[in-house]
Amino acid sequence: MTGVPLPGQGDRAQAVRAMFDRIAPTYDLLNRVMTLRVDQLWRRRAVRTLRLAPGEKLLDVCAGTMDVSAEARSQYPEALVVGSDFSLPMLSRGAQKTGLPASAADALHLPFRSGAVDAVTVAFGVRNLDSHEVGLAEMARVMKPGARLAVLEFFRPESTGTRAFHGVYNRLALPVMGRLLSADADAYRYLVESMERFASLPEFVDSTRRAGFRGVKGELLFPGVCGLVTGVRA
Ligand SMILES: C[S@@+](CC[C@H](N)C(=O)[O-])C[C@H]1O[C@@H](n2cnc3c(N)ncnc32)[C@H](O)[C@@H]1O
């Protein structure tokens, strides 16, 4: 077990933020090593679904070091891209790396007016919220009707085979990499255990529909592990 409470274990925002503050310096490197850079392909795929027109506004929620924001800027140079996150060490790295605007904000209380944005992305963020249902409702609030949502996440694997593979990879490979590359192996244990406690892809698709999105689709990008959920604000 980790020191950071897991999904469903109550109010954990402070512990989650402190954890991301600690791992910010090694976050990008670990992501690339743990996924062999496939994480960037997942972000590219998610951003491609948004089809942003020139001048449209994209809010990257739980932006962390702003890799999704950077991808959006590269695919849509004329869109207005803003990253937001509640961990300043993560976000300031992102703002420095991308040169894009960034807003320090809790995803459950976004400091934007209702109907302000044309698209929202969240990559590997919803699993960390105290309530992903409240997070989805808050994103829906700041989106215009017709605005596009793309959520990337490590959902709870469902089939016995993928659960077994997942268990072995997560329990053997990830902690070793975490220990080698980061001073905070505990944080990487959290990333694994929170995945196993989070919603499955079909459960999250249902939550997204209930939060006011239509045309919601869920697709696995990596068998049983990484999923992409897209939808349109009704
Ligand atoms: C796993 S990182 C993902 C970062 C980035 N989106 C990416 O693709 O690499 C999760 C991020 O969510 C942020 N986060 C978690 N809970 C949050 C909340 N309630 N409000 C804002 N940011 C939050 C963390 O600070 C962290 O930067």
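Q: Buried means a relative accessible area under 20%, and exposed means over 50%; in this predicted model, is Phe 155 buried or exposed?
A: The model is a predicted one, and in it Phe 155 has a relative accessible area of 1%. Because the cut-off for a buried residue is under 20%, the class of Phe 155 is buried.

Q: What is the distance, centre to centre, in the aromatic pair of Phe 124 and Phe 154?
A: A search of the whole structure finds six aromatic pairs. In the pair formed by Phe 124 and Phe 154, the planes are 20° apart and the pair is stacked, since planes under 30 degrees apart count as stacked. The pair links distant parts of the chain, with Phe 124 in the loop between β4 and α6 and Phe 154 in strand β5. The distance from centre to centre is 4.7 Å.

Q: Which residue joins Phe 124 and Phe 154 in a cluster linked by ring pairs?
A: Phe 124 is buried at 11% relative accessible area, and Phe 154 also counts as buried, at 15%. Ring pairs link these two phenylalanines into a cluster with Trp 42.

Q: How many residues apart in sequence are the parts that the pair of Phe 155 and Phe 204 ties together?
A: The ring centres of Phe 155 and Phe 204 lie 5.3 Å apart with the planes at 45°, so this pair is tilted. Phe 155 lies in the loop between β5 and α7, whereas Phe 204, in helix α9, belongs to a part of the chain distant by 49 residues. Phe 204 is buried, with a relative accessible area of 0%. The separation in sequence is therefore 49 residues.

Q: Over the ring of which residue does the charged end of Arg 17 sit?
A: The charged end of Arg 17 lies 5.0 Å from the centre of the ring in question. That ring belongs to Phe 86.

Q: Which helices each supply at least two residues of the shell around the ligand?
A: The ligand is surrounded by 19 residues, with Tyr 27, Cys 62, Asp 85, Ala 107 and Ala 123 the closest. By class, the shell has twelve nonpolar, four polar and three charged residues. The helices that each supply at least two residues of the shell are α1 (13-23) and α2 (27-35).

Q: What percentage of the area that the ligand exposes when taken alone does the protein bury?
A: Backbone polar atoms of Cys 62 and of Ala 123 each lie 2.8 Å from a nitrogen atom of the ligand. The side chain of Asp 85 has an N or O atom 2.6 Å from an oxygen atom of the ligand. Taken alone, the ligand exposes 590 Å², and the share of this that the protein buries is 98%.

Methods
Residues are numbered from 1 along each chain as its sequence is written. This is a predicted model: local features need pLDDT of at least 70, side-chain atom pairs count only at pLDDT 80 or more; totals for chains, interfaces and linings use all residues. Side-chain values use heavy atoms; hydrogens and water are left out. A residue is near a molecule or strand if one of its heavy atoms lies within 4 Å of it. A polar contact is a pair of N or O atoms within 3.5 Å; within protein, one must be able to donate a hydrogen and the other to accept it, and residues adjacent in sequence count only if both atoms are side-chain atoms. Accessible areas come from the Shrake-Rupley method with a 1.4 Å probe; for residues, only the protein chains shown count as cover. Helices (H or I, at least four residues) and strands (E, at least two) are DSSP runs, numbered from the N terminus. Ala, Val, Leu, Ile, Met, Phe, Trp, Tyr, Cys and Pro count as nonpolar, Asp, Glu, Lys and Arg as charged, and the others, Gly among them, as polar. Rings of Phe, Tyr and Trp (its six-membered ring) pair if their centres lie within 6.5 Å; planes under 30 degrees apart count as stacked, over 60 as edge-to-face and the rest as tilted. Buried means under 20% relative accessible area, exposed over 50%, partly exposed in between (1.4 Å probe, protein chains only). A charge sits over a ring if NZ of Lys or CZ of Arg is within 6 Å of the ring centre and within 35 degrees of the ring normal.
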